[in-house]
Amino acid sequence: MQVELVEPDVRFEGSYRDAMAEFIAEGRAEELGTLANHASFADFVRELVDWSQGLGLPAGWVPGSTYWLVDGDRFLGRVQIRHHLTADLRLRGGHVGYAIRPTARRHGYGRMGLAMALRPCLDLQLASILVTCDTTNEGSRRIIEGNGGVLEDVVEVPGRRVGTMRFWIDVVAQLSTDRP
């Protein structure tokens with residue numbers, strides 16, 4: 001099969017639910033979203049599409065496009081692109097966030113997912129993007145740096161026990177280089 005970044009679709013429901021169970025077992029139930037708040041998986045997918053258009057956003061949220069990283073019918077993870085930044089997102093969160101299901105980690109999918117997200121970022125006229133991770137998240141740091149991320153600084157976010165590393169990726173430069 002071929003790994004792709006696709007828009008959310010009900011055809012991935014079974015695999016998505018399996019991934020959600022993996023995140024819950026890891027103690028990270030919030031990682032994939034608010035599926036439990038919906039009457040059906042189709043309603044959940046529809047909400048994600050609405051959010052990309054700025055419709056029905058929770059208070060304080062910005063429009064964000066959600067993509068799913070898949071291999072055939074297997075859900076591997078998600079990438080979310082926030083269309084613009086708030087003061088809070090400038091500290092922690094940035095333009096792009098991603099999560100790879102536990103059983104798919106350490107296979108390069110995080111790096112692939114972030115790399116594939118660069119074209120949609122440019123389509124949103126985001127020529128440079130902020131991507132953040134905790135100072136304790138070595139894997140995420142390598143994913144960001146592997147996609148051209150340049151560390152701007154490390155900030156302390158109120159209420160967090162660890163520092164947040166803030167990286168900038170020059171999207172135009174990354175898309176103009178030949179990437180493996």
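## Working through a predicted fold

Gln-53 counts as exposed, because its relative accessibility is 53% and the cut-off for exposed is over 50%. Keep in mind that this is a predicted model. Now grab the structure and try these.

**Exercise 1. Find where Gln-53 sits in the chain, and how far its C-alpha atom is from that of Pro-63.**

Step 1: Look between α2 (41-52) and β2 (64-71); Gln-53 is in the loop there.
Step 2: Go 10 residues along the chain to Pro-63, and you'll find the two C-alpha atoms separated by 6.2 Å.

**Exercise 2. Work out whether His-83 is buried or exposed, and what its side chain joins in a polar contact.**

Step 1: Start with the place: His-83 belongs to the loop between β3 (74-82) and α3 (87-91).
Step 2: Its relative accessible area is 18%, so His-83 is buried.
Step 3: Now check the side chain, which makes a polar contact of 2.8 Å with the side chain of Ser-65.
Step 4: Leaving aside neighbours within four places in sequence, His-83 also has contacts that include Ser-52, Val-62, Leu-124 and Leu-126.

**Exercise 3. Decide how many disulfides there are, looking at Cys-121 and Cys-133.**

Step 1: A disulfide needs two cysteine sulfur atoms within 2.5 Å.
Step 2: For Cys-121, the nearest cysteine sulfur is that of Cys-133, and it is 16 Å away, so by that cut-off Cys-121 is in no disulfide.
Step 3: The count is 0 disulfides.
Step 4: While you're here, check burial: Cys-121 has 0% relative accessibility and counts as buried, and Cys-133 is buried at 6%.

**Exercise 4. Test the length of helix α1, then say where its buried residues point.**

Step 1: Helix α1 covers residues 13-25, which makes 13 residues.
Step 2: At 1.5 Å a residue the helix should span 18 Å, and its end C-alpha atoms are 18 Å apart, so the two agree.
Step 3: List the buried residues of α1: Ser-15, Tyr-16, Ala-19, Met-20, Glu-22 and Phe-23.
Step 4: These cover an arc of only 155° around the axis, so they are on the same side of α1.
Step 5: That buried set packs against α2, β2, β3 and β4 (96-100).
Step 6: Following α1 is Gly-27, with a positive phi near 85°.

**Exercise 5. Do the same for helix α5: which residues are buried, and what do they pack against?**

Step 1: In α5 (residues 138-146), the buried ones are Ser-140, Arg-141, Ile-143 and Ile-144.
Step 2: Down the axis they fall within an arc of 160°, so they line one face of the helix.
Step 3: They pack against β4, α4 (109-123), β5 (128-134) and β7 (164-170).
Step 4: Just after α5 comes Gly-148, with a positive phi of about 90°.

**Exercise 6. Find which parts of the chain the salt bridges of Arg-11, Glu-22 and Arg-166 link.**

Step 1: Side chains of opposite charge can pair when their charged atoms come close. This structure holds 13 salt bridges.
Step 2: Arg-11 pairs with Asp-73, with closest N and O atoms 3.4 Å apart. Arg-11 is in the loop between β1 (3-6) and α1, and Asp-73 in the loop between β2 and β3, so the pair ties together parts 62 residues apart in sequence.
Step 3: Glu-22 meets Arg-101 at 2.7 Å, N to O. This links helix α1 to the loop between β4 and α4, 79 residues apart. Glu-22 and Arg-101 are both buried.
Step 4: Arg-166 pairs with Glu-152, again by a salt bridge, at 2.7 Å. Arg-166 lies in strand β7 and Glu-152 in strand β6 (residues 150-155), so parts 14 residues apart are tied together.

Note on methods
Residues are numbered from 1 along each chain as its sequence is written. This is a predicted model: local features need pLDDT of at least 70, side-chain atom pairs count only at pLDDT 80 or more; totals for chains, interfaces and linings use all residues. Side-chain values use heavy atoms; hydrogens and water are left out. Buried means under 20% relative accessible area, exposed over 50%, partly exposed in between (1.4 Å probe, protein chains only). Helices (H or I, at least four residues) and strands (E, at least two) are DSSP runs, numbered from the N terminus. A polar contact is a pair of N or O atoms within 3.5 Å; within protein, one must be able to donate a hydrogen and the other to accept it, and residues adjacent in sequence count only if both atoms are side-chain atoms. Contact means heavy atoms within 4.5 Å. The expected span of a helix is 1.5 Å times one less than its number of residues. The arc is that of the directions from the helix axis to the C-beta atoms. A salt bridge is a side-chain nitrogen of Lys or Arg within 4 Å of a carboxyl oxygen of Asp or Glu.
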